Structures are given as C-alpha cells and as structure tokens.
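Here are a few exercises to work through with the model open beside you. Try each task before reading its solution.

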Amino acid sequence: MPKRLVDKLRSFMPGNGKKKARTYQRREIPRDQHNVSRSVISEPAKKVLHRLNKSGYEAYLVGGGVRDILLGGKPKDFDIATNATPEEVHDLFRNSRLIGRRFRIVHVVFGREVIEVTTFRGNAAEADTDTDDDDRRTSEHGLLLRDNVYGNQEEDALRRDFTVNALYYCIRDFTVIDFANGIEDLRNRQLRLIGDPETRYREDPVRMLRAIRFAAKLGFDIEPETEAPIGELAPLLTHIPPARLFDEVLKLFSAGHGEATYDLLTRYNLLEPLFPETVRAIESGEPDELIRQALRNTDARIAQGKSVTPYFLFAAMLWPALQAEWHRRQDNGDPVQPALHGAIGKVIGRQVQATSIPKRFSGPMKEIWELQMRLPRRQGKRAFATMTHPRFRAAYDFLLVREASGEIEPGLGQWWTEFQQEDERGQERMLSQLSTDAPKKRRHRRKPVKRPAQ
C-alpha cells in the first residue's frame, strides 16, 4: 500500500494504530480520509448503483473492488450489495439474469462486463431452520448446501469471509463503511477471517483456497488464528464438487501469482485435494521444476496482458503424475507408445475425480503430451506434418518449458524456433542438414547363399 494511503488509514484508526482488542462496530470513513474515487469505478457499476438508489434501495460497492482501490490498484470486477431481493433486482434490469441455488444472485450484463449483485445476507446460524422453504441447509460436515437467508448491511458484512472484503463504498455520500476492522488489517497487510475460522472453513472449505489466492495476490500474511486450522481441514475440499474446484484452480493459477500460489498450497497441504496424483508422484521422486517453470511463464504472460489456456496449465500440473505412470507401465514391459496412451487415460481418469476437466480442455491436453514424442522426429516430411497440427504451438511452448526446467537437454526447442522462422527453402536446408548430421546406419552385406552341389 502506498505510504500516503497508509498514513491516511492510520490517522483514522483509534489509538493511532496500536493493537487493541478486536471489536466489530460500524465505522464510516469520510471521503477526505480514503482514496476511493468514482473515476476508478466502471460506468456499468455506477449505473447499477444509481438505479438501485433511485428506486429506493440501499446499494453499495463491496468486497474486492473496494479493497483493491484502497490498496492503490484498479479492480477488474465490481460487486454490489443491496437490500433489494434478487427478484427485485432482476425486475429493475432487463439485461440481468438470476443464477445460483446455493446463493441466489443477479448478474447484470453490459457487453463483456458483468456486475454481480447480491442481496444482504443475514445471520444464517440464527435463522429458523424449520421454515417451509428450507432456505438454509448444511451437510454433516458443516458445509453450507443452501444459504438464502437475507438480512441487513451489518449482518451481511459479518457473513463475508475476510475482514478486508467486508468494506462498502457508498456512492451517495462517498464514504467507506467498515464493520469488521478491515481497514486495520489492510494497513497491517494481513488476512483475517470474520468469526471462528474452523466454523467458517467447515461452512465452505473453498475459503481455504481463497485465503491462499488473496495471500499470494496481495502479498499479505495469513493471520495466525486464520491459518491454524487449514492443514487439518484441507481434506474437506474433497467434499466440494469437482466442477467447482476446476473453476477455483483456474482462479488460483490465472491471477499472475502462480508460483507463489503453488508454494502456499504446498505449505498448507491444499495441493493434494486438488492434484492428488501429482502430489504422490512428487513424493515418490518425480521433480516439480517443470510445474514451477510453467507457472513462471504463465505469470509473465499475464503480466504482459496475454491469455492463458487452461489445458496448458493442467498439462503442466499433471506432468509429474503422467511421467510416473508412464515409467511404471514401461517398467512392466509395455512399449513406449502404448504405455504413453495408457498413462494418459489413467492420469486423466483419476484427476477428474478431484477436479473436473471439460473435454474441450482434456482433448488438447492429451495432444500436447502426445506431440512431445513427435517433436524430436523431424526427418523427411515429419516436421511439416507436425507443424500443421492444430496443437503444435502449445506443444512447442511445452517443449521449451521442459528444456528450461532442465528435464531434457536444450537444443530441440531452438531448432523448432528457427524452423518456424525460415522460408520454405531454409526449412528444406535445415532438414537436409539433419540427414547429414544423423549417424549413418551400417549396411551389412548379405552373406552369399551356398547352393548345394549338383
């Protein structure tokens, strides 16, 4: 956080930043003591806020958008909290859709930008669980299966996960409203769960992954009481639907802090529920340097504003598991090619039990792996055939990652780099050079056939 913002926030804290017993009470920070400006908020978000307010509802910018602006950043997404019900919000905006069963929310769509609008949530623990509509249900492990209990703004704030995400911006009077000492934790650069950590993690184990994602993204420390139960409760992630965990994996590794995220997941035993076969392979001796190199490259691409493909990410994350299974099958006598195909099927089959992988991603992932065997075979017309494969570019990038990680000797990647840059004549020359450099096979003269004497 920039020093001038720290000074502003410190000046607002009681006791000038000295540590005090944490109490939850509403605090309003006036415009001259924070840096949240309407100029940083997207036009669609402002339209939603103004229409809700003009229609007689309370509406606030909330969560990560407020947090990131206070930290001097520019949010990519803007979420809004209101006392209007989802149905009332939906009626106000023709360009909206109601989604979700576990939590009913509204998406208001403006071209490519989607503004997420949620109704203030109430204290679900105090809700009447005998109601006919069954708005709140939990599993035997404490996991919230459904939670559509509505409340006021203060109840909504204390139902949020981390204190730094329980900050509200009012566009009517330009104040920032803090119910959970989030400003103090922002100043101290730490993540703290609101409420009892074990209870909150049991309600939704994905909160453990959110803690890791925010810690890596913001460079914050996880407050000791918040981090204490994570290692023990990590197996609760196996109760989360694989499709939801797939989405969470993409969020974890597509935010530009992939390697830091990987380190934190490993430290808190959260990688195993997401990639169980990968963890077993690494523990049995397979290196993880390729994963780290792929995440470094991914972080660099995101920093440059480039896109990241999920199938490339999963191809890297599952590579140690594939190598272990492939070696095992070859040791059992399977030929190289059939062993690879068998290993691919086995590894993907096991992985989808943890995190689902849609076929539009699993197919290209298989092709990247299979092309690793074709890339060294360049003689004749093979190089041209390989280069026309629709997944060639991704497989070539994967080859470069393998070389950079030290898994294979460098050289092949550079050859393919030059081959793509040459014109047709230059490519033919490179292929001819391959034939010249290749060791010639010794021809064995046939022994003359002895004919029987007549």
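**Exercise 1. Find the strand order of the open sheet of 8 strands, then its edges.**

Solution. Start with the order, which reads E1-E10-E9-E2-E3-E6-E5-E4 with mixed pairing; strands are DSSP runs of at least two residues (E), helices of at least four (H or I), both numbered from the N terminus. Next, look at the ends: strand E1 (27–29) and strand E4 (96–99) each pair on one side only, where pairing requires at least two DSSP bridges between two strands. From one strand to the next, the twist averages 30°.

Before going on, a word on the model: it is predicted, so local features need pLDDT of at least 70 and side-chain atom pairs pLDDT 80 or more, while totals for chains, interfaces and linings use all residues. Residues are numbered from 1 along each chain as its sequence is written, and side-chain values use heavy atoms, leaving out hydrogens and water.

**Exercise 2. Determine in which sense E2 and E9 pair, and what packs on the sheet.**

Solution. First, strand E2 (residues 59–62) and strand E9 (residues 167–169) are antiparallel, over 2 bridges. One residue to check is Leu 61, whose bridge partner in E9 is Tyr 169. Then turn to helix H2 (residues 43–54), which packs on the sheet and touches E2, strand E3 (79–82), strand E5 (105–110) and strand E6 (113–119); a contact means heavy atoms within 4.5 Å. The direction of H2 makes about 35° with that of E6, taking axes as lines fitted to C-alpha atoms (for helices over the stretch in contact) and angles from 0 to 180 degrees between N-to-C directions.

**Exercise 3. Which residues touch the most other members of the largest nonpolar core?**

Solution. Begin with the term: such a core is a set of buried Ala, Val, Leu, Ile, Met, Phe, Trp, Tyr and Cys residues joined through side-chain atoms within 4.5 Å. Buried means under 20% relative accessible area (1.4 Å probe, protein chains only). Among its 96 residues, Phe 253, Leu 270 and Trp 369 touch the most other members. Helix H8 (residues 206–218) gives the largest share, 9 residues. Finally, inspect Leu 270: beyond four places in sequence, its contacts include Met 208, Leu 209 and Ile 212.

**Exercise 4. Why is helix H16 described as largely enclosed?**

Solution. Go along H16 (residues 310–317): 8 of its 8 residues are buried, so the rest of the structure largely encloses this helix. Among them are Pro 310, Tyr 311 and Phe 312. For the chain as a whole, 48% of the 454 residues count as buried.

Definitions and conventions: Buried means under 20% relative accessible area, exposed over 50%, partly exposed in between (1.4 Å probe, protein chains only).
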